[in-house]
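Please open the structure in a viewer and keep the sequence panel visible. The stops below proceed from the whole chain to single residues, each with a selection to make.

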Amino acid sequence: MSNSSSKVLPSPDLSPVSQDLTRLNTLGLASRAGAFVTLEDAAQLPALSQLAHEASSLLVLGGGSNLVLPSQVPGLVARVAFKGVRLLEARPDAWLIEAAGGETWHGFVETCVNQGWDGLENLALIPGTVGAAPVQNIGAYGVELQERFHSLTAWDVRAGRQVEMSVADCRFSYRDSVFKHDESGRWVIVSVRFALPRPWRPVLGYPDLQRHARLAAGQPAARDIFDAVWEIRRAKLPDPAVTGNVGSFFKNPIVSAQVRDGLLERFPGLVSYAQPDGGYKLAAGWLIDQCGWKGRSLGAAGVHERQALVLVNHGGATAADIMGLAHAIQAAVSERYGVRLEPEPVVV
């Protein structure tokens, strides 16, 4: 990790305002920030460091697709709205692409597919922003962000400096990164660079893709995979604009081969996937479904009727409602399978 530049950035004022966050989180939880700023230019970042130093806490907000917010968010909230996508280099082995942290993830993936910069199509329709993607180390349908990641530019709010971070600096693991372990509000991800491999090869290992009509015959193009993933996700997952949700609420637990074999003896239908380290990833949705939670509700919080991994806000749910349901599901799965489910979203 190193300073990217010694250049001194101008520091325009940021004036915090009170802001309703209900439409800025995809769960649709009624929430308000007493102090809120929008970051549209990197020149604002030194001023952010000063404000954060004076505030009790800092919450960095992207697309709000991975958050469970309380009715009143303490401290300072900074929404990242940096924009821009550009080709940095067309290398023989890769396209090197840079996207600003405030770009929507799906919009960025679609831009890449339209430009012929293939390699991210399996990650279509994942909600959130480009800047939030490395935080969660997003992944879907056989592709993980870390496999396509090159580097990123971030602002260290605490130190008041801009740094470059490599794959090693980010310490990626399954739905995890250094950003989830450092103190909350330390980092603002300004831009992310991706190395998309050339020549491109389709990733079609997931059964849903193998069964899809668009991909079953011949050699699919990246656009075919993009469209297929879009259709599969639309069929399985609720639209946050219609029904509040954060996508998958729980991580798929990873267990040892011994634990998986023991479970398989007791539950022959257990869904699991072998991992490179010899462990197994269990399908959290299957575990929840088998415990009878799919389609059930506790008050205004519920489990989606088509995908047990997705918790939804039926209207008027609070953070306490969502987490109460989550805890009930965790208890049921733990009691039956001896496995603890870990939530994916950040609970503020």
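Helices (H or I, at least four residues) and strands (E, at least two) are DSSP runs, numbered from the N terminus. Residues are numbered from 1 along each chain as its sequence is written, and side-chain values use heavy atoms, with hydrogens and water left out. This is a predicted model, in which local features need pLDDT of at least 70 and side-chain atom pairs count only at pLDDT 80 or more, while totals for chains, interfaces and linings use all residues.

**The whole chain**

Select the entire chain and display it as a cartoon: eleven helices and 21 strands are present. The radius of gyration (taken over C-alpha atoms) is judged against the globule rule, 2.2 Å times the number of residues to the power 0.38. The chain has a radius of gyration of 21 Å, close to the 20 Å that this rule gives for 348 residues, so the chain is as compact as a globular protein of that length. Along the principal axes, the C-alpha atoms fill a box of roughly 60 × 50 × 35 Å.

Next, colour by burial, where buried means under 20% relative accessible area, exposed over 50%, and partly exposed in between (1.4 Å probe, protein chains only). Of the 348 residues, 51% count as buried. A contact means heavy atoms within 4.5 Å. Among contacts between residues at least 6 apart in sequence, 63% join residues at least 24 apart.

**Confidence**

Now colour by pLDDT, the predictor's confidence in each residue, from 0 to 100. The chain averages 93, and 97% of the residues score at least 70. Select residues 1-11, over which pLDDT stays under 50; the model has 23 contacts beyond four places in sequence for this segment. Where pLDDT is low, the predicted coordinates should not be read in detail.

**Strand β8 and its partners**

Select residues 94-100, strand β8. How many of the seven residues of this strand are buried? Seven of the seven are, so β8 is largely enclosed by the rest of the structure. Both faces are covered: Ala94, Leu96, Glu98 and Ala100 are buried on one side, and Trp95, Ile97 and Ala99 on the other.

Add β7 (residues 85-90) to the selection. Two strands pair if DSSP finds at least two bridges between them. β7 and β8 pair in the antiparallel sense over five bridges, and they form a hairpin with three residues between them. Then add β13, which runs antiparallel to β8 and is joined to it by seven bridges. Centre the view on Ile97 in β8: Leu87 stands opposite Ile97, and Ile97 also stands opposite Phe194 in β13.

**Helix α1**

Move to residues 45-54, helix α1, in which Leu45, Ala47, Leu48, Ser49, Leu51 and Ala52 are buried. Show the surroundings of these residues: the buried residues of α1 pack against β3 (32-39), β4 (58-61), β6 (72-80), β11 (149-156) and β13 (187-197).

**The loops on either side of β13**

Most residues other than glycine have a negative phi, and most peptide bonds are trans. Select Arg171 and Arg175, which depart from the phi pattern: phi is near 50° for Arg171 and about 50° for Arg175. Arg171 is in the loop between α5 (167-170) and β13, and Arg175 lies in the loop between α5 and β13. Are these residues buried or exposed? Arg171 is exposed, with a relative accessible area of 51%, whereas Arg175 counts as buried at 9%.

Continue to Pro199, found in the loop between β13 and α6 (207-211). The peptide bond from Arg198 to Pro199 is cis, with omega near -5°.

**An open sheet and helix α11**

Finally, select the open sheet of four strands with the order β14-β20-β19-β18 and antiparallel pairing. Its edge strands are β14 (244-248) and β18 (297-298), each of which pairs on one side only. Helix α11 (residues 319-337) packs on this sheet, touching β18, β19 (301-303) and β20, and its direction makes about 40° with that of β19; axes are lines fitted to C-alpha atoms, for helices over the stretch in contact, and angles run from 0 to 180 degrees between N-to-C directions. Three bridges join β14 to the antiparallel strand β20 (residues 310-313). To locate the register, pick Gly244, whose bridge partner in β20 is Asn313.
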